[in-house]
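Here is a set of exercises to work through with the model open beside you. Try each task on your own before reading its solution.

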Amino acid sequence: NIIFFDEELRPDILNQTFLTRKLGSMLASYDNKNIYQINEYMYKELEAVTKLPVFACKAVQIKATLKVGDHVSWRRLLVPHNSTFTLLHNTLQELFAWNDTHLHEFIIYNGDLPLARIVHSLEVFDYPTKIPLVLEHDVKISEYIPKYKKILYRYDMSDNWEHILEVEDIIFNYDKNYPTCLEGDGEPPPE
């Protein structure tokens, strides 16, 4: 089988981190008893040889809450601190079971005042606002978190789905190089 990821491929970016992770997780092999991800097998072997964890990084624990009318759905996740807002967006898409078919943005707050709008497309810069615009592919969450603890993630501008992202904790010994969902509740609205 051949799989194309032309929608995820970014010709303007040399390092395709999200696509690399996606492809790496798909590579699988098997022996007589097991099917396993090649990268996971490699990590396990490295830990056995070195007696050390393969990954040890700082991570941010975030609670993402979406309220639509009386309905509330939320997810608690850990995201490596050096991740981009693009990876955070892709993670939220997965956790809320959406297909990334709508526009989105992040708004960083300093107290109650909006500090920056982190946007996904250069086209948004054609419509400037009083809030400074930043392209999400160029910025890591570590540039704003933990200094700023209030973030709004807006997805589907026509329905105005606003997620409150609360920074709950900073983890200093996270043993993965990818985001994970710790828990959650509530069905998200259908896309």
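## Exercise 1: The largest pocket

The largest pocket holds about 890 Å³ of space. This is a predicted model, in which local features need pLDDT of at least 70 and side-chain atom pairs count only at pLDDT 80 or more, while totals for chains, interfaces and linings use all residues. Residues are numbered from 1 along each chain as its sequence is written, and side-chain values use heavy atoms, with hydrogens and water left out.

**Task.** Find which residues lie nearest the centre of the largest pocket, and which helix gives the most to its lining.

**Solution.**

Step 1. Start with the terms. On a 1 Å grid over the protein atoms alone, a pocket is an open set of points where a 1.4 Å probe fits, with protein on both sides within 12 Å along at least five of seven lines; lining residues have an atom within 4 Å of a point. The volume is the space filled by probe spheres set on the points, and points are joined across faces, edges and corners.

Step 2. Go to the centre. The lining consists of 32 residues, and Glu8, Phe18, Thr86, Asn90 and His137 are the ones nearest the centre.

Step 3. Turn to the helices (DSSP runs of H or I, at least four residues; strands are runs of E, at least two; both are numbered from the N terminus). Helix H1 (17-26) and helix H3 (85-95) each contribute at least two lining residues. H3 gives the most, with six residues.

## Exercise 2: The sheet

**Task.** Work out the strand order of the open sheet of eight strands, and say which strands stand at its edges.

**Solution.**

Step 1. Take stock of the chain. It has three helices and 10 strands, in the order α-β-β-α-β-β-α-β-β-β-β-β-β from the N terminus on.

Step 2. Trace the pairing (two strands pair if DSSP finds at least two bridges between them). The open sheet reads E7-E6-E5-E8-E9-E3-E4-E10, and its pairing is mixed.

Step 3. Check the ends. Strand E7 (133-135) and strand E10 (180-185) each have a single partner strand, so one side of each is left without a neighbour in the sheet. On average, neighbouring strands of this sheet are turned by 25 degrees against each other, direction ignored (axes are lines fitted to C-alpha atoms, and angles run from 0 to 180 degrees between N-to-C directions).

Step 4. Look at the partners of E9. Strand E3 (residues 57-68) runs antiparallel to strand E9 (residues 161-174), joined to it by nine bridges, and Cys57 has Tyr174 as its bridge partner in E9. E8 also pairs with E9 in the antiparallel sense, over six bridges, with Leu152 partnered by Ile164.

Step 5. Finish at the turn. E8 and E9 form a hairpin with five residues between them, and Asp156 in that turn has a positive phi of about 65 degrees.

## Exercise 3: Salt bridges and cysteines

**Task.** Find which residues are linked in a network of salt bridges, and how many disulfides there are.

**Solution.**

Step 1. Apply the salt-bridge rule (a side-chain nitrogen of Lys or Arg within 4 Å of a carboxyl oxygen of Asp or Glu). The count comes to seven.

Step 2. Take Glu105 and Arg117, whose closest N and O atoms are 2.7 Å apart in their salt bridge. Glu105 sits in strand E5 (residues 104-110) and Arg117 in strand E6 (residues 113-119), 12 residues apart. Both Glu105 and Arg117 are buried (buried is under 20% relative accessible area, exposed over 50%, partly exposed in between, with a 1.4 Å probe and protein chains only).

Step 3. Add Glu162, which forms a salt bridge with Arg154 at 2.9 Å between the closest N and O atoms. Glu162 is partly exposed, at 28%, whereas Arg154 is buried, at 18%.

Step 4. Join the pairs: Glu105, Arg117, Arg154 and Glu162 are linked in a network of salt bridges.

Step 5. Move to the cysteines (a disulfide is a pair of cysteine sulfur atoms within 2.5 Å). The count of disulfides is zero. Cys57 is partly exposed at 22% relative accessibility, and Cys181 is partly exposed at 38%.
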